[in-house]
Amino acid sequence: MDIKSNLQKVLSDLPESVHLVAVSKFHPKEALMEAYNAGQRIFGESKVQEMTEKQEALPKDIQWHFIGHLQTNKIKYMAPYVAMIHGVDSYKLLTEINKQAEKCNRVIPCLLQIHIAQEETKFGFSFEECTEMLEKEDWKNLSHISLQGVMGMASNTDDMEQVRHEFKSLHEYFLKIKQSYFSDNDAFRHISMGMSHDYPIALEEGATLVRVGSKIFGERVY
Ligand SMILES: *Cc1c(COP(=O)(O)O)cnc(C)c1O
């Protein structure tokens, strides 16, 4: 398994404006260091404790993106250092992130996770729930979070037209809320979508961040 050449292959597929989140969950620190030494600086993790252990041990110029499902009581552990939280799917979570960020005197970039897949099990706001939250405007008083875009996971299917349709729906929704709520906010610009098996489609459908794991680090052993 040559992490460096896998990484370079993925990077060569990305236009300059798109950033790669190298999803390193379940992989050992040595694997992350191989990617780091090949130039990668953004890493994605899905468990707070695992991410924090890696953050403490690895170089401090790594940007840690939390891509997992959020639990309110764990936010405080990552608040001091996390570079972006992709999986915000309730107003309650936003307020908790805001509270912990304030204690650290930070502003934490967040993405709104939208449920675009057909599977019931995936997390995220429905389009309606997200619009409802934005419409209430309470979030505008949260001065220690910065809403920077949307995140979604497509259905786990071989039907690539279905996947494309879901990515398209996320892009359209992004444009809609950008216009309605963030037209004067340049920071609201991210669409985080696409994983190892579907990132080429996500790129065609307007992703600005792709989250790629197994294609770089190999299969995960749980
Ligand atoms: C694990 C994970 C990924 C990466 O998946 P791969 O198929 O290994 O590329 C991307 N996004 C999220 C939210 C994940 O949990």
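**Around the ligand**

Colleague: How far is an oxygen atom of the ligand from a polar backbone atom of Ser-214?
Modeller: This is a predicted model, with local features needing pLDDT of at least 70, side-chain atom pairs 80 or more, and totals for chains, interfaces and linings using all residues. Residues are numbered from 1 along each chain as its sequence is written, and side-chain values use heavy atoms, without hydrogens and water. From the ligand's oxygen to Ser-214, the distance is 2.8 Å.

Colleague: Which residue offers a side-chain N or O atom 2.8 Å from a nitrogen atom of the ligand?
Modeller: Gly-213 uses a backbone N or O atom, 2.8 Å from a ligand oxygen. The side chain facing the ligand's nitrogen belongs to Arg-211.

Colleague: How much of the ligand's area does the protein bury?
Modeller: Among the surrounding residues (a heavy atom within 4 Å) are Val-23, Met-151 and Arg-220. By class, this shell has 6 nonpolar, 3 polar and 3 charged residues. Alone, the ligand exposes 390 Å² (1.4 Å probe), and the buried share is 91%.

Colleague: Is the aromatic pair of Phe-43 and Trp-64 stacked, edge-to-face or tilted?
Modeller: Happily, there are 5 aromatic pairs here (ring centres within 6.5 Å; stacked under 30 degrees, edge-to-face over 60, the rest tilted). Phe-43 in strand 2 and Trp-64 in strand 3 are 21 residues apart (strands are DSSP runs of at least two residues). With centres 6.0 Å apart and 35° between the planes, this pair is tilted.

Key: Polar contact = N/O pair within 3.5 Å; in protein donor to acceptor, adjacent residues only side chain to side chain. Nonpolar A, V, L, I, M, F, W, Y, C, P; charged D, E, K, R; others polar. Helix = DSSP H or I, 4+ residues; strand = E, 2+ residues; numbered from the N terminus.
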